[in-house]
Amino acid sequence: MARRVRLLMPLAALLFLGLALLIRVVDDGTLRQYSGTALYASMVWAGVLFLWPRMAPVPAGTLATAFCWLVECAQLTGVPAELSARSLAARLAPGVQFDPVDLAWYPVGVAPLVVLHRLVRARARTASPAAGPAGSC
């Protein structure tokens, strides 16, 4: 199951990125700004599960959210802004300036995935009761 999770997470991240880019094309207002923040957190969640495919849903969501908060707070140092001035990738990943509203939007991008992750794990356990903790995702 861990191998399947590791294979699916890059696809999930690409799906979140594609959705974020699509929204950027069709909207230039509030939806664009906040959906991008939430979908960034969704991509981080996929990254966490790619690295640790057996991680339980709540710790994975907590780690993804904490990472996003850390990156957001790092913007207070000015280092991400300096990097962003030199690189488009840096502008998109760590961002440019601190926005306290983003701190609330990161969990919005992660919480539904934690719920979905829990449901998938529960379903996998009931479908395969012989698989113990080592066989779960």
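Helices here are DSSP runs of at least four residues, numbered from the N terminus. In this predicted model, that numbering places Leu76 in the loop between H3 and helix H4, the latter covering residues 79–86. Leu76 is exposed, since its relative accessible area is 58% and the cut-off for exposure is over 50%. A look along the chain from this loop residue is also helpful: Val114 is 38 residues away from Leu76, and their C-alpha atoms are separated by 28 Å.

Helix H3 itself comprises 18 residues, 57–74. At 1.5 Å a residue this helix should span 26 Å, and its end C-alpha atoms are indeed 26 Å apart, so expectation and model agree. Its buried residues are Pro57, Ala60, Gly61, Ala64, Thr65, Cys68, Val71 and Glu72. Viewed down the axis of H3, these buried residues fall within an arc of 125 degrees and therefore line one face of the helix. The partners of the buried residues of H3 are helix H2 (30–51) and helix H6 (100–127), against which they pack.

H2 and H6 also meet one another. Their axes come within 7 Å and cross at roughly 50 degrees, an angle that is neither under 35 degrees nor in the range 65 to 115, so the two helices count as oblique to each other. The crossing in which H2 passes H6 is right-handed. On the H2 side, the contacting residues are Tyr34, Thr37, Ala38, Tyr40, Ala41, Ser42, Trp45 and Leu49. In H6 they meet Val101, Asp102, Trp105, Tyr106, Val108, Gly109, Val110, Leu113 and His117.

Terms used
Residues are numbered from 1 along each chain as its sequence is written. This is a predicted model: local features need pLDDT of at least 70, side-chain atom pairs count only at pLDDT 80 or more; totals for chains, interfaces and linings use all residues. Side-chain values use heavy atoms; hydrogens and water are left out. The expected span of a helix is 1.5 Å times one less than its number of residues. Buried means under 20% relative accessible area, exposed over 50%, partly exposed in between (1.4 Å probe, protein chains only). The arc is that of the directions from the helix axis to the C-beta atoms. Contact means heavy atoms within 4.5 Å. Axes are lines fitted to C-alpha atoms, for helices over the stretch in contact, and angles run from 0 to 180 degrees between N-to-C directions. Angles under 35 degrees count as roughly parallel, over 145 as roughly antiparallel, 65 to 115 as roughly perpendicular and the rest as oblique. A crossing is left-handed if the near helix is turned anticlockwise from the far one by less than a right angle, and right-handed if clockwise.
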